[in-house]
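Q: Can you go through the strand pairing in this one with me? I have the coordinates open.

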Amino acid sequence: MSLQLLTLILIVVFFTTEAASGEEVKKAVGDQVSFQLKEIGPSFTSITWKHVTPGSTVKAIEWEVGDEITIPNPRFKGITTLNKETGQINITNLTVEHTGVYIIDVSGKEQEQRFTLTVMERVPKPVIKIEKRTTKSDVVDLICEYDETIIWKNSAGETLTGSAHTAKGESINVTKTGNPSISYTCSLKNAVSEKTSDPVYERKLFEETNKGCAVSAVIPSVTMVMIITLFLS
């Protein structure tokens, strides 16, 4: 077994074990989160919140009767507060580094309840790439090159099935229908966010063939007018 695989297994086991008796929360970068025990008891002399990650445990915030609230770790300075009455911790402006398990000591005793936090980047607004085929002028490929979950839809609200793209992401094949107002969108989604691309309309996808059709329609009309003009003269 490789060292990387072993490390991954240990991380999974760690978080699974730590989260077994608590709640799990997923947040986006920049969000805020609050954790609080179901019951903290009528009287206590100190509160310490700890941030646990594989191989590391640091104090996020702590307070003891007669002392001020302190924030020992720079990762939590300026963004972390503690309610001394309820024991609630609040962390704002979250970053990916705040991912981990949070535990609380009350009066020097570690509590069983655990809080697992996963902080994720928001998905970007996707941009659809258009690839036209040289062999079929009435078919184009729409490509969404991203790693997140991809959802394709048309203007009728129907969800379309995409195919795996060569590099990454998905693509769909679009065949010309003759309705220029039909559009297609690509949405990216993860556990904390979802964003949708600007719609791509059929009139843009097949604008060259549309121009060709218009020219083809105009030429016979012009020819007919010339014939009638010569006949009348």
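The chat below goes through the sheets and their strand pairs.

A: Sure; keep in mind that this is a predicted model.

Q: Which strands form the open sheet that includes β6, and in what order?
A: That open sheet has 3 strands, ordered β2-β6-β5, with antiparallel pairing. The edge strands are β2 (33–35) and β5 (80–82), each of which pairs on one side only. On average, neighbouring strands of this sheet are turned by 15° against each other, ignoring direction.

Q: How many bridges join β2 to β6?
A: There are 3 bridges between β2 and β6 (residues 89–91), and the two strands run antiparallel.

Q: And what stands opposite Val33 in β6?
A: Ile91 does.

Q: Switching to the sheet with β15. What's the strand order there?
A: The order is β10-β11-β15-β14, which makes an open sheet of 4 strands, again with antiparallel pairing.

Q: Why is one side of β10 and of β14 left without a neighbour in the sheet?
A: Because β10 and β14 (163–164) stand at the edges and each has a single partner strand.

Q: What about the β10 and β11 pair, how many bridges?
A: Strand β10 (residues 129–132) and strand β11 (residues 139–144) pair over 4 bridges in the antiparallel sense. The two form a hairpin, with 6 residues between them. Within the pair, Glu131 stands opposite Asp141 in β11.

Q: And at the other edge, how many bridges join β14 to β15?
A: 2 bridges join β14 to β15 (residues 170–175), and these strands run antiparallel.

Q: Which residue in β15 is the bridge partner of Ser163?
A: Ser171 is the partner of Ser163.

Notes
Residues are numbered from 1 along each chain as its sequence is written. This is a predicted model: local features need pLDDT of at least 70, side-chain atom pairs count only at pLDDT 80 or more; totals for chains, interfaces and linings use all residues. Side-chain values use heavy atoms; hydrogens and water are left out. Two strands pair if DSSP finds at least two bridges between them. Axes are lines fitted to C-alpha atoms, for helices over the stretch in contact, and angles run from 0 to 180 degrees between N-to-C directions.
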